[in-house]
Amino acid sequence: MTPVVTLLSRAGVNSFYFISRIVKGHGMTLKTGREYQQSIEQLALEAHVMGRTETHLADHGLVQPSRAAVAVTYDGAHAKDAATRALFRVHSPLCKEEVNRFTHLHRSTDDLVKKVTMQRYCGHTTGCCFQRCVGMDAANAVYSTTFDCDAATGTDYHARFNAYWTMIQKDDLVVDGAMTDPKGDRGKRPRDQKDPDLFLRVVDRKPEGVVVCGAKLHQTGMLNAHEVLVMPTMGMREGEADWAICFAVPTNTPGIRYIYGRQTSDTRKLETPSLDMGNPRYGGQEVMTVFDHVFVPHERIFLNGELPYSGRLVERFAAYHRQSYGGCKVGVGDVLIGATALIACMNGVAQASHIKDKLVEMIHLNETLFACGIACSAMGHATAAGNFEIDMLLANVCKLNVTRFPYELARLATDIAGGLLGTMPSAHDLEDPVTGPYIKKYLAAAEGADPVDRIKVLRLIENLVAGSGAVAYLIESMHGAGPPMAQRIMIGRQGRLEEKMAHVRTLLKIP
Ligand code: SF4
């Protein structure tokens, strides 16, 4: 009997899927982007895209740009310059090998700073969401929370998670972190919803594991991930043990369905010529993910009814992802600022003092976000489990600024770009022998600026402020990792008002 078969017979039939998936694995740390693309194709994921069941996602015009964006997170580890490679490569004490930082459990504040710097690099390389940070943030939160839960309650989740994450690091996989439940009536708890599946929950308990039902919304990287790490959407209370579940399964697990989410102007990605796409190489996407009686074996469960740890997990994951925005959105901001400066040159207004001042304002806002991302990283601390956590107050300040500043950057870019941003003829008319020459003649601007290059830059700005790129740059900046009110609540809790009042009492000698 081969070791695999022995393992199967011990684990039982229900575990077959998971074991075969792990044994197949990919066995390769530090994959290239191309190797990643091949590995994700092997999963043969199927999605419902605009009324059709699509099975060849790698070739699908809507999916391909977002896979290309994820591939950048792999290619960074093989960059020509040593400084970039050093940003993406890190030694992991867990698997005892050099791994891609997107799978790393942070071991120092330097790791946290490098994480944000790497995300800025990916943001300015792709100009969009590159999706892979959610799994990294979820892993760091699950790692410390399972440690705390085991220490307090005697569970063995931490060892299970370590075994799981060692496999992720060794195979260099993409993990989608899934937190957001549909939530139904926002005024009601999970147990009081008319349909209890509106919060993902355990519907059946078997000797080998559990069966779950529910859905996760806004899953940007799901169709490009090998694995999904599911977390509760909020702190659960007495009577809500079935909703306090954290687990991981391969993305091609039976029972999971993917329903593609629309983005503004997304069908431009299907057009040829590609000029009107704005970002011709990369893009994001959204997916509604349904779990319809999905089986999860015990070894893949990392929280199962331990109520106090559901809230702790949510808080930690959210804080890590709020830090992440101080890197990724800044990188996309770099692209928007660069495009705006370029269009100012092409329009012949680069020397106007008010244009220079607006560009300075854009840089100031963008670097303020980066400063927040770096600050919450530099002020981080070790958890009881040994990985490093950001300063939560500063991470929440970072994200609250992210809910505002990209909108102001977009407003300034729109101001500088001019009204043509919303009125340009299509790429088809540019190619038309009758209309093309008129377009080139009347869209000429500063001497030396090619009208077609001018259109390219304007389309990129349009993509980021009003097109499909605005989903990641603006709507996601508002709601990703929680809406502004979530950060205000955390800032209120962690702002140490008592301490500040005490300082004033001491200063004024007030008892
Ligand atoms: Fe990463 Fe930013 Fe996308 Fe989140 S929104 S997955 S931090 S690129």
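In the predicted model, proline 273 is located in the loop that connects strand 10 (256-261) with strand 11 (286-297). The peptide bond between threonine 272 and proline 273 is cis, with omega at about 0°. Most peptide bonds are trans, and a negative phi is the rule for most residues other than glycine.

Two residues depart from the latter tendency. Aspartate 172 is not a glycine, yet its phi is positive, near 50°. Aspartate 172 occupies the loop between helix 8 (157-171) and strand 5 (175-178). Its relative accessibility is 0%, so aspartate 172 counts as buried. A polar contact is formed there: the side chain of aspartate 172 reaches the backbone nitrogen of lysine 31 at 2.8 Å. Lysine 509 likewise has a positive phi, of about 55°, without being a glycine. Lysine 509 belongs to the segment that follows helix 18 (497-508). With a relative accessibility of 74%, lysine 509 is classed as exposed, whereas aspartate 172 is buried at 0%.

The packing of helices was examined next. Two packed helices are described by the angle between their axes and by the distance between those axes. For helix 7 (residues 133-153) and helix 9 (residues 307-347), the axes come within 8 Å and cross at roughly 150°. Angles over 145 degrees count as roughly antiparallel, and helix 7 and helix 9 are therefore roughly antiparallel to each other. The crossing of helix 7 past helix 9 is right-handed. Sorted by class, the contact of helix 7 with helix 9 comprises 11 nonpolar, 6 polar and 4 charged residues.

A second pair is formed by helix 10 (residues 353-378) and helix 12 (residues 405-417), whose axes come within 10 Å and cross at roughly 160°. This angle makes helix 10 roughly antiparallel to helix 12. The crossing of helix 10 and helix 12 is left-handed, while that of helix 7 and helix 9 is right-handed.

Helix 7 and helix 9 also take part in the surroundings of the ligand, each supplying at least two residues of the shell. The shell consists of Cys129, Phe130, Gln131, Cys133, Val134, His321, Ser324, Tyr325, Cys328, Lys329 and Glu476. Helix 9 provides the largest share of this shell, namely 5 residues. By class, 6 nonpolar, 3 polar and 2 charged residues surround the ligand.

Two further positions were characterised by their accessibility and by a C-alpha separation. Methionine 236 lies in the loop between strand 8 (227-230) and strand 9 (245-250). Because its relative accessible area is 5%, methionine 236 is buried. Methionine 236 and valine 397 are 161 residues apart along the chain, and their C-alpha atoms are separated by 25 Å. Aspartate 75 is part of helix 4 (residues 64-75). Its relative accessibility is 38%, and aspartate 75 therefore counts as partly exposed. Between aspartate 75 and glutamine 285, which are 210 residues apart in sequence, the distance from C-alpha to C-alpha is 20 Å.

Technical notes: Residues numbered from 1 in each chain as written. Predicted model: local features only at pLDDT ≥ 70, side-chain atom pairs only at ≥ 80, totals over all residues. Heavy atoms only, no water. Axes fitted to C-alpha atoms, helices over the stretch in contact; angles between N-to-C directions. Helix = DSSP H or I, 4+ residues; strand = E, 2+ residues; numbered from the N terminus. Parallel < 35°, antiparallel > 145°, perpendicular 65-115°, else oblique. Left-handed = near helix turned anticlockwise from the far one by under 90°. Nonpolar A, V, L, I, M, F, W, Y, C, P; charged D, E, K, R; others polar. Near = heavy atom within 4 Å. Buried < 20%, exposed > 50% of the residue type's maximum accessible area, 1.4 Å probe, protein only. Polar contact = N/O pair within 3.5 Å; in protein donor to acceptor, adjacent residues only side chain to side chain.
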